Amino acid sequence: MATLKDVEKIIAELPEVTVGERHGHQTWFVRKQSFAWDRPFSKADVKRFGDETPPAGPILAVGVGDLAEKEAVLAGSSDAVFTIPHFNGFAAVLIQLETVGRKELRELIIDAWLAKAPKELADAYLAG
């Protein structure tokens, strides 16, 4: 089981990250591009689940490169990685922290950072 503290530890290892707030939720940026954010369900989100129980616990959203990558991430990840109708057409996935493994979480966060970081910064990180 991962927590927001685990998220913060992973993100702290990435270069040029700043922490801010968007829509009232903690958000992490690389050179002003958001790549991860705390994403609790809104009342509208919960309503869209209908009779189904929404995933519990803290939810983290992470960006991906594009919609094709989103589909690949969803297909190749554990059940802890999912999407909701509000994210249709948006290049990001959701992660249920209570059920994601730390290794998978780390990979998803780093991939999100790489997707949003400028090429020269991403290349320097990968080379280091």
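This briefing describes the sheet, the helices that pack on it, and the largest pocket of one protein chain. The structure is a predicted model. An open sheet of 6 strands lies within it, with antiparallel pairing. Helix α4 (residues 102-116) lies across β1, β2, β3, β4, β5 and β6, and α4 also packs with helix α5 (residues 119-127).

**The sheet**

- Strands of a sheet pair through backbone hydrogen bonds, and the pairing may be parallel or antiparallel.
- In this model the strand order across the open sheet is β1-β2-β3-β4-β6-β5.
- The edge strands are β1 (17-22) and β5 (81-82), each of which pairs on one side only.
- Strands β1 and β2 run antiparallel and are joined by 6 bridges.
- Within this pair, E21 stands opposite Q26 in β2.
- The hairpin of β1 and β2 has 2 residues between the strands, and H23 takes a positive phi near 50 degrees there.
- Strand β3 (residues 33-38) is joined to strand β4 (residues 59-63) by 3 bridges, and the two run antiparallel.
- Across this pair, W37 stands opposite A61 in β4.

**Helices on the sheet**

- Helix α3 (residues 67-76) packs on the sheet and touches β5 and β6 (92-96).
- The direction of α3 makes about 25 degrees with that of β6.
- Helix α4 lies across the six strands named above, among them β2 (25-30), and runs at about 40 degrees to β4.

**The contact of α4 with α5**

- Two packed helices are described by the angle between their axes and the distance between the axes.
- For α4 and α5, the angle is about 140 degrees and the axes are 8 Å apart.
- Angles over 145 degrees count as roughly antiparallel; the angle here therefore makes α4 oblique to α5.
- From α4, the residues I110, W113 and L114 meet L121, A122, Y125 and L126 in α5.
- By class, this contact has 7 nonpolar residues, with no polar and no charged ones.

**The largest pocket**

- The largest pocket holds about 390 Å³ of space.
- It is lined by 17 residues, of which H23, W37, R39, F87 and F90 are the closest to its centre.
- Two of these residues also appear in the sheet section: H23 belongs to the account of the β1 and β2 hairpin, and W37 stands opposite A61.
- The elements that give two or more residues to the lining are β2 and β3.
- The largest share, 4 residues, comes from β3.
- The lining divides into 5 nonpolar, 8 polar and 4 charged residues.

Technical notes: Residues numbered from 1 in each chain as written. Predicted model: local features only at pLDDT ≥ 70, side-chain atom pairs only at ≥ 80, totals over all residues. Heavy atoms only, no water. Pairing = 2+ DSSP bridges. Contact = heavy atoms within 4.5 Å. Axes fitted to C-alpha atoms, helices over the stretch in contact; angles between N-to-C directions. 1 Å grid on protein atoms, 1.4 Å probe; cavity = no way out; pocket = protein on both sides within 12 Å on 5 of 7 lines; lining within 4 Å. Points joined across faces, edges and corners; volume = space filled by probe spheres on them. Nonpolar A, V, L, I, M, F, W, Y, C, P; charged D, E, K, R; others polar. Parallel < 35°, antiparallel > 145°, perpendicular 65-115°, else oblique.
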